[in-house]
Structures are given as C-alpha cells and as structure tokens.
Amino acid sequence: MAISSTIRTYFNGSWHEGDVAIMKAADHASWLGSSVFDGARLFDGVTPDLDLHCARANGSARALMMEPTVNTQDMVDIAKEGLAQFGAGAAVYIRPMYWAADGDASTIAPDPESTRFALCLEEIPMAAPTAAATLTRTSFRRPVLENAVVNAKAGCLYPNNARMLREARAKGFSNALALDAMGNVAETATANIFMVRDGEVFTPIANGTFLAGITRARHIANLRADGVTVHETVLGYADFEAADEVFMSGNMSKVTPVTAFDDRQYQIGPVTRQVRELYWDWATSEGAA
C-alpha cells in the first residue's frame, strides 16, 4: 500500500522509481506470510538509529527462519544512497524488507536460501507535535512467543493489530490499548505506550509479548539522562485511568500525545513535551545522523 506518490525502491541491486513490483504470485511470502520489515526515518536531515533499524531487520529475518542477505552497514549505505535522491528537507520513511521466495521440502517453512531483499523509501511528512491519539480497550490481545513470532517485526503479526484498530475506530477512537496474554497492558495497536504519574514515567516491561521498540529505548535513555525517573513495570488499565499524561512511542511519529483513554481525558502535558524536545535535541545533535 503506497501512502505517498514519491517512492524509490532498491531491488535486485539497483534503484527504481515508484511503487515497483517485487514479489511474484507463487512466492512463499505471497501465500504463507514469510515477510519482515523495519522502519526508520529521515527528517530534518538526520536518520536517527538507522543502523539499529537495519540490524533489527536482519534479526527479524532470522526469527522467521530466513537468512539475511545484506549486512547492517551495507543496508545503511544503500538507504543513504537512496535518500540522497530526495530534496533538502524531505521527510522519508525508510523500509528495509525481506521475504522468502521458496519453501523447503515441507513447503510450509521458508527455504533460507531463497530470501529476497528490497528497501523502499517513501516520502511521508512527520506528524505535527499536537497530532494526538485517543485510545480504548480492545477485546484482542497480544500473543506470546509460543504461538506467534513476536520477536520479529513480521507482516503476519499485523492482521491482529488491524482488528484492534477496526474495533477501536468503530467505537470512535483512533487506536487501541492492548493487553498481553496475562492481562497486563502491552502496547497500542501501532506503537509502544508510556504514562506519567506525579512526574515519573511508566511503561510496560518488555516481557516478550510485544516488540520493545528502538525509539522506546531512546526515550527511556533520554529521560533518564535528563533526571526523570522511568519505570519499566507491570501495568493495567487502571494505571492508565489514574495517569496524568499518556503518550505513544513509535518510529513513524516518534512521540504521539494521547488525549483520551475511554472516558478518561488528558492534556498534552509537560513530560510529553519534554520527551519530544529531548528526542529532537538528541536526533539533530552532532553524530545522530
């Protein structure tokens, strides 16, 4: 699905203009879902944590029993080569992808040697600082490693997220706050979640039921370096009802304020603004590009 009309795609060793076809009808990924991706960002002339996103793409491929074909530094170099083709000031979503073309003797498991790679660059503006989300409960839960590849950023995980979103939007909210299999808050349907109470920050502990994001880790590090107490802990819906502020963390927008959780209303508070300022200060500082 193309969000933008300005897309450049690296495939089979060269760059192509536009939303090019990269997968065949009988590819293993087309009918058995063996695909992974990652997402990084270019904005304000910097590509924060691009190397970590590329490394995670390789880790995700291994989690789906594929063999990565591009090392992390080469992937970073390919991305930067493509980004140089965009105009000054462009905001670009950087999406490296792997998928399997063939299955092994079982046909169900992918053939590790058939891994394919592409890197798609799509010009997508950054959200405004005041662009906010509203959350509601969802009846769907995050899976565990025993029944899903939650240790990968895998395409096959996203239909579960999609039904959370459909359910939330049918109720008049923009996103869903999801529980894990144990009944604790895990994340939203699209991003990691934080809450603030009495000036301290809380986020669900990474327990293997959700992908603890690269941007999430960066926020935690930035806040702690600035003297803010951050707790990674077990949280429930009641904790969010009692919160002073709530914000989401993800690569697409980096920081998204939350203004409602069901009937509970929030303001875009000082800690949420601080998180954004700290991230932008770090990202645009020397050495973060």
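Reader: To kick things off, how many helices and strands does the protein chain have?
Author: Heads up: this is a predicted model, where local features need pLDDT of at least 70 and side-chain atom pairs count only at pLDDT 80 or more, while totals for chains, interfaces and linings use all residues. Residues are numbered from 1 along each chain as its sequence is written, and side-chain values use heavy atoms, leaving out hydrogens and water. Helices (H or I, at least four residues) and strands (E, at least two) are DSSP runs, numbered from the N terminus. On that basis, the protein chain has seven helices and 15 strands.

Reader: What radius of gyration does the protein chain have?
Author: The radius is taken over C-alpha atoms, and the globule rule is 2.2 Å times the number of residues to the power 0.38. For 289 residues, that rule puts a compact globule near 19 Å. The chain agrees with it, at 19 Å.

Reader: What percentage of the residues in the protein chain is buried?
Author: Here, buried means under 20% relative accessible area, exposed means over 50%, and partly exposed is in between (1.4 Å probe, protein chains only). Of the 289 residues in the protein chain, the buried share is 51%.

Reader: Why is strand E6 described as largely enclosed by the rest of the structure?
Author: Strand E6 covers residues 115-123, a run of nine. The strand counts as largely enclosed because the number of its residues that are buried is seven.

Reader: Which strands pair with E6?
Author: Two strands pair if DSSP finds at least two bridges between them. E1 (residues 7-11) runs antiparallel to E6 and is joined to it by five bridges, with Thr9 opposite Cys120. E5 (residues 92-100) is also antiparallel to E6, over nine bridges, and Met97 stands opposite Ala118. The names you want are E1 and E5.

Reader: How many salt bridges does the structure hold?
Author: A salt bridge is a side-chain nitrogen of Lys or Arg within 4 Å of a carboxyl oxygen of Asp or Glu. One of them joins Asp38 and Arg56, with the closest N and O atoms 2.6 Å apart. Asp38 and Arg56 are both buried. The full count of salt bridges is ten.

Reader: How far apart in sequence are the parts tied together by Asp262 and Arg137?
Author: Asp262 and Arg137 form a salt bridge, their closest N and O atoms being 2.4 Å apart. Asp262 is in the loop between E14 and strand E15 (264-265), while Arg137 is in strand E7 (residues 133-141), so the parts they tie together are separated in sequence by 125 residues.

Reader: Is Arg142, the partner of Glu187 in a salt bridge, buried or exposed?
Author: The side chains of Glu187 and Arg142 meet at 3.2 Å, N to O. Glu187 has a relative accessible area of 8%, so Glu187 is buried. Arg142 has 6% relative accessibility, which means Arg142 counts as buried.

Reader: Which residues make the nonpolar surface patch of about 330 Å²?
Author: Patches are made of residues with over 30% relative accessible area and no salt bridge, joining like charges within 9 Å and nonpolar side chains (Val, Leu, Ile, Met, Phe, Trp, Tyr) within 5 Å. Areas come from the Shrake-Rupley method with a 1.4 Å probe; for residues, only the protein chains shown count as cover. One member sits in helix H1 (residues 28-32) and counts as exposed because its relative accessibility is 55%. The patch is made by Trp31, Leu32 and Ile108.
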